[in-house]
Amino acid sequence: MEHFNKALTALSATLLLVLLAPLLIMAADPDPLQDFCVADLSGTPSVNGHPCLPPSAAGDEFLFSTRIATGGDPLANPNGSNVTELDVSEWPGVNTLGVSMNRVDFAPGGTNPPHIHPRATEVGLVTRGELLVGIIGSLDSGNRYYSKVVRAGETFVIPRGLMHFQFNVGKEAATMVVSFNSQNPGIIFVPLTLFGSSPPIPTPVLVKALRVDAEVVDLLKSKFTGGY
């Protein structure tokens, strides 16, 4: 009887795995089922992106873009940097392909503030100038801070979900181009999230978390009213 019970348990476990296998497979992001799917931005996005335009309406320009050939004015905001986005909303041809790019231009002393991309790993190439690239590990690494001054022609990688920043340490303007393994990597600016959320995070929460006085929290909140 004992051998029978063990065999029955093993058989039950095997059947459970067989039943769960299709669910595990479906839990992965779906792969594209066509050569391309140019986004119909007027449609409602689904988990895998926007609906596809009919191939006859897509033309042949969707594979090419000149958007990041030139950058914006880095002095247009207090950070001294300007991001030119090239995600699916600006480049419909990347729909369902799981890629996107940004160009970031920096004034001397400009920064791309500490932020997180929750849905993508980032690979960057500095095309001019020199940038201090800082990456902060999770609690698993003891919140270790990794950094290096990256110069023109050099590259860096930011693991998905880790906080990071770039800071122009040179005397001249700097530029970098980055790519993501997501058509919509998302971005969470840490200072803006903490002090400029809508509705705002209650001040007592931030007082306790940051271990500062309420006056300090209120001052910081006043700096981020209206976003970046």
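Guide: Strands here are DSSP runs of E of at least two residues, numbered from the N terminus.
Visitor: Which strands each supply at least two residues of the lining of the second largest pocket?
Guide: Strands S1 (81–86), S2 (100–106), S3 (111–116) and S9 (174–180) each do so. A pocket is an open set of 1 Å grid points that fit a 1.4 Å probe, with protein on both sides within 12 Å along at least five of seven lines; lining residues have an atom within 4 Å of a point. This is a predicted model: local features need pLDDT of at least 70, side-chain atom pairs 80 or more, and totals for chains, interfaces and linings use all residues. Residues are numbered from 1 along each chain, and side-chain values use heavy atoms, without hydrogens and water.
Visitor: Which residues are closest to its centre?
Guide: Of the 25 lining residues, these are Val83, Glu85, Asn102, Ile187 and Phe189.
Visitor: And S9, which strands are joined to it?
Guide: Seven bridges join S2 to S9, and six join strand S4 (residues 122–128) to S9; both pairings are antiparallel. Asp105 has Thr175 of S9 as its bridge partner, while Leu125 stands opposite Val177 in S9.
Visitor: New topic: what does the UniProt "binding site" annotation cover?
Guide: The unreviewed entry lists His115, His117, Glu122 and His164. They span 50 residues in sequence, but no two of their C-alpha atoms are more than 12.0 Å apart, so they gather at one spot. His115, His117 and Glu122 belong to the lining of the second largest pocket.
Visitor: Is Glu122 buried or exposed?
Guide: Glu122, in strand S4, is buried (under 20% relative accessible area, 1.4 Å probe), at 2%. His164, in strand S8 (residues 163–168), is also buried, at 0%.

Methods. Helix = DSSP H or I, 4+ residues; strand = E, 2+ residues; numbered from the N terminus. Pairing = 2+ DSSP bridges. UniProt positions renumbered as here; feature names shortened; annotations may be inferred. Buried < 20%, exposed > 50% of the residue type's maximum accessible area, 1.4 Å probe, protein only.
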